[in-house]
Amino acid sequence: MPYRNVVRWVRGVAAGAAVVGVTSAAEPELPAEQVEFFEAKIRPILVERCYDCHSAAAGKSKGGLRLDTRDTLRKGGETGPAIVPGDPGKSLLLEAVRHASEDLQMPPKEQGGKLPPEEVALLEQWVRMGAPDPRTRGPAHPLDMVAARRHWAFQPVVKPVPPSVRRPEAIATPVDAFVVSALEARGLALAREAGPRTLLRRVAYDLTGLPPTMDEVEAFARRYPQDPRAYAEAVERLLASPAYGERWGRFWLDVARYADTQGYLVGNAERRFAFSHTYRDYVIRSFNDDKPYDQFVVEQLAADRLPLGEDKSPLAALGFLTLGRRFLGNQNDIIDDRIDVMTRGLLGLTVTCARCHDHKYDPVPTQDYYSLHGVFASSEEPAEKPLLRPLVDSPAYQQFLRKRAVVEGRIREKERGEVQAFLAGLRRRTGDYLWGAWEAGDAVAGEKFELFAGTRKLNPEVLRRWRSYLAEATRRDHPILAPWFALAALPAEGFREAAAGLIAGWRGDRRFHAAVVGALAGRENPPGSLSEVAGVYNEVFAAAEPAGTAPAGKQKGKSGRIALAPEEAEGLRGFLTAAGAPPAVAEEAAATMIRRQLNDRTAALRRELESLQWTEAGAPLRAMALVDRAEPRNSAVLLRGRPGNRGPEVPRRFLEVLSGEERVPFTDGSGRLELARAIASPGNPLTARVFVNRIWGWHFGRGLVDTPSDFGVRTPPPEHRALLDWLAASFMAGGWSTKALHRTIVLSRVYRQASDVEPAGAGLDPDNRWLARFGRRRLEFEAQRDTWLQVAGELNRAGGGLPDDLLQQPFTRRRTVYGFIDRQNLPGMFRTFDFPNPDVSSAQRLATTVPQQALFLLNSPFVLEMTRRLAARVEREAGASESVRIESLFRTVLQRPPDAGEAALARAFLDGVGSSGTGLTRWEALAQTLLQSNELAFLE
């Protein structure tokens, strides 16, 4: 679970650090989701916002209040308990963070002031849920790698010998020996074998996500009782189907937090990933090709570092790292996301919990987190994404190039216009820069200078140039600037009278520029301050600019009052454009100064340019790749996760608990390839265990380990630990073949059991932990939608390529795995059917039953269209006979004929529907009823 932070300084960096206790045996265990909420959402707020004034580590308890343990928080301080669990309205802590009272405000202004609204809302939610808090008094145990390595999941994978059983005839694969032995020890036995239809339907959905046809079911049912090879052959046929990769690739995309968009961005940037689909297609192809899992892992982390030869298609694998959220461009958050998907996705470890402090539970010190941080900080996405295949000239490709060139030309033209307007604006605002440089003087520097310039809407670099330019004494004789220097020397008191005298004396004086003197003298009243003089300079230089060069936005001064002779305007412009003049900035440098503005002003054109990648058939395929930086670097530990609070630099290397204290730093570029090989090593005790556990869980609805992304020290050994280790060892010994792993599982008697619940067995094992039956489970949304398409005769089996919008009419007929996934605006259809959050790695899905699901099946335009297509298909294939059509409908949807009672109910239903005003005919209504049935939605 993310962010199980230990409130403790980095080990070996700050002595006397804050410590957090461990839950005592007498304390009841909090639900895991509550602990996760506290660790991910609440503890960081307390650490960052409150501990400086209210913790033992800081040596402070203002108002007698400490917030670094559960007991001291609830005890409160001088004003009483800080919180009342379940009642936000009576909790002083919430009153303080809301700044609702003048006398009670936390944090105070000098400590950063009021919390952001989202953090206040999280604290309110926490109190409302009872303020669950896993912290207790007492020191935390130091990280003990020797003790940690005794944890079962960190032990080397050793292949156990399958145990002997009393009934060896029950054994089909070694999987059965482990399960049957455990069942016999508890007075249990395997359930009877499922019937042929149930078995074929189960394995077809499991391996391909699609139901078998009625013809396939009938052929299997005739052959299987006499020829057991029929089942093994069916398994091979399903594993060889392209649908297999689409089904199992989708499970992996959950782990990889796959989406086709970047999430929320600023600056009107294009949110869509142009080539996300190349990663999805790589994953599907890898499963269909049975790519060895260790190679699959290495390619997803470091394909760019492999000797690929002519075939560059593995570069698409790097989408595993690059297709996450972009966090408004915050690089530390992007790196954190990549560390998370790698460690939870491949190792089953929540390493990102150590971003701010040593991991609270697992042997992951903060230094290890920043060792991995250095690997990804030494990597970058290339400016031009690499091609996945050689370019082939074609008319479509040439058309793509022409359209791209046109849009790129429009972007260059737009940027050049913006730069010219910016430079003209610098010249028009010469007075503002003169006034700003004089006002700043030498006293304003560093960050204060940036703030000074920003509040006056001046470019800080140009303002620095003006300050240096004006500092040269010889400039005082400059005909244009001499009046400025003279007026700047006047005292503020009596400025107007003194200025009037000076200006009157400059008339006709050839040492002073006539236009400047004329503008100063031509005012109704002499300037009363140097600020007004700056306004006059603005007017003069604005008048010198050619018509049509006025930049966007309001300009200071009223240039319309001043008329200049051509030679005067030319002279003024020549002064500001001469080499060395402060506003004489090269166009390239000016573009750098206003890059954010340029990006914003050209955002629409850049989106148009990017969209050519998915609207033009000739656009070449590229990889969402990652490459090493030219100069890899180590990262420094960020104490408490704060970028401005740097600790010691740590070398790039693998986790200590998995590689030993004497592990060697990475030296090959960023270290991604070395990291990938360390993860995919047979000596790594986690990688194979985690993967085979997930495969088992995706087959049975629950893994042998209940927490498929957390194999840390709080995870108890599974009931079938020996089976898990046997599967992991066999998996590695067999060349990391995923298809071989599937065969081992689905050919077992454990998998082929019926799902019937026997009363005796239910009493001894109500949760089916020991696998005395097959667990009934609901199909995922993708399988349900694909089934509706297939039974309606509408499924398009074309694979790969750009994603389709599943909500846009006319509705796509392709499989759901090819649907467009917008992580920022995930459609309600996905959320209704428990589609995983694409922001985070997900190794298992929820299976809720909520009214919205039934309402979707009743009202969705897509489901209604498939309902009509299904009814039309049955009418077309079965003819006019009512009884034949009823039987055909059952056989098509459920792969079985109706029994007598069901046929009678169907006839009664048809007689009772009539014209109900639903918009469906009676046959369509019956078809919709079967599409909503539990029998279709659940695997027995």
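Two residues are in contact when heavy atoms of theirs lie within 4.5 Å. Every view below comes from a predicted model.

**View 1. Helix H37 and the helices that cover it.** Helix H37 runs from residue 861 to residue 878. Its 18 residues should span 26 Å at 1.5 Å a residue, and the end C-alpha atoms are 26 Å apart, so the two values agree. Many side chains of H37 are buried, among them Phe-862, Val-863, Leu-864 and Met-866. Farther along H37, Leu-870, Ala-871, Val-874 and Ala-878 are buried too. The buried set also includes the residues Glu-865 and Arg-873. What covers these buried residues? The cover includes helix H34 (781-791), helix H36 (851-859), helix H38 (882-894) and helix H40 (922-931). Just after H37 comes Gly-879, with a positive phi of about 85 degrees.

**View 2. Helix H14 from end to end.** H14 spans residues 331-347, which makes 17 residues. From first C-alpha to last, H14 reaches 23 Å, close to the 24 Å expected at 1.5 Å a residue. Asn-330 caps the N-terminal end of H14. A side-chain oxygen of Asn-330 lies 3.0 Å from the backbone nitrogen of Asn-332. After the helix comes Gly-348, and its phi is positive, near 65 degrees. Why is H14 described as largely enclosed by the rest of the structure? Because 14 of its 17 residues are buried.

**View 3. Thr-343, a buried residue of H14.** Thr-343 sits in helix H14. Is Thr-343 buried or exposed? Its relative accessible area is 0%, and buried means under 20%, so Thr-343 is buried. Set aside its neighbours within four places in sequence. Thr-343 then contacts Gly-348, Leu-349, Val-351 and Leu-372. Gly-348 is also the residue that follows H14.

**View 4. H14 packed against H30.** Helix H30 covers residues 687-700. The axes of H14 and H30 are 7 Å apart, at an angle of about 75 degrees. The two helices are therefore roughly perpendicular to each other. H14 brings Arg-344, Gly-345, Leu-346 and Leu-347 to the contact. H30 brings Thr-687, Val-690 and Arg-694. By class, this contact has three nonpolar, two polar and two charged residues.

**View 5. H30 packed against H31.** H30 also packs with helix H31, residues 721-733. Here the angle is about 110 degrees, and the axes are 9 Å apart. That angle makes H30 roughly perpendicular to H31. On the H30 side, the contact holds Ala-688, Arg-689, Phe-691, Val-692, Asn-693 and Trp-696. They meet Leu-723, Leu-724, Asp-725, Leu-727, Ala-728, Phe-731 and Met-732 in H31. How many residues of each class take part? Ten are nonpolar, one is polar and two are charged.

**View 6. Glu-413, an exposed residue.** Glu-413 belongs to helix H16, residues 395-428. Its relative accessibility is 62%, so Glu-413 counts as exposed. Leu-530 is 117 residues away from Glu-413 in sequence. In space, the two are 39 Å apart, C-alpha to C-alpha.

**View 7. The setting of the close-ups: the whole chain.** The protein chain has 41 helices and eight strands. Its C-alpha atoms fill a box of roughly 120 × 70 × 60 Å along the principal axes. Of its 940 residues, 53% count as buried. Among contacts with a separation of 6 or more, 69% join residues 24 or more positions apart.

Technical notes: Residues are numbered from 1 along each chain as its sequence is written. This is a predicted model: local features need pLDDT of at least 70, side-chain atom pairs count only at pLDDT 80 or more; totals for chains, interfaces and linings use all residues. Side-chain values use heavy atoms; hydrogens and water are left out. Helices (H or I, at least four residues) and strands (E, at least two) are DSSP runs, numbered from the N terminus. The expected span of a helix is 1.5 Å times one less than its number of residues. Buried means under 20% relative accessible area, exposed over 50%, partly exposed in between (1.4 Å probe, protein chains only). A polar contact is a pair of N or O atoms within 3.5 Å; within protein, one must be able to donate a hydrogen and the other to accept it, and residues adjacent in sequence count only if both atoms are side-chain atoms. Axes are lines fitted to C-alpha atoms, for helices over the stretch in contact, and angles run from 0 to 180 degrees between N-to-C directions. Angles under 35 degrees count as roughly parallel, over 145 as roughly antiparallel, 65 to 115 as roughly perpendicular and the rest as oblique. Ala, Val, Leu, Ile, Met, Phe, Trp, Tyr, Cys and Pro count as nonpolar, Asp, Glu, Lys and Arg as charged, and the others, Gly among them, as polar.
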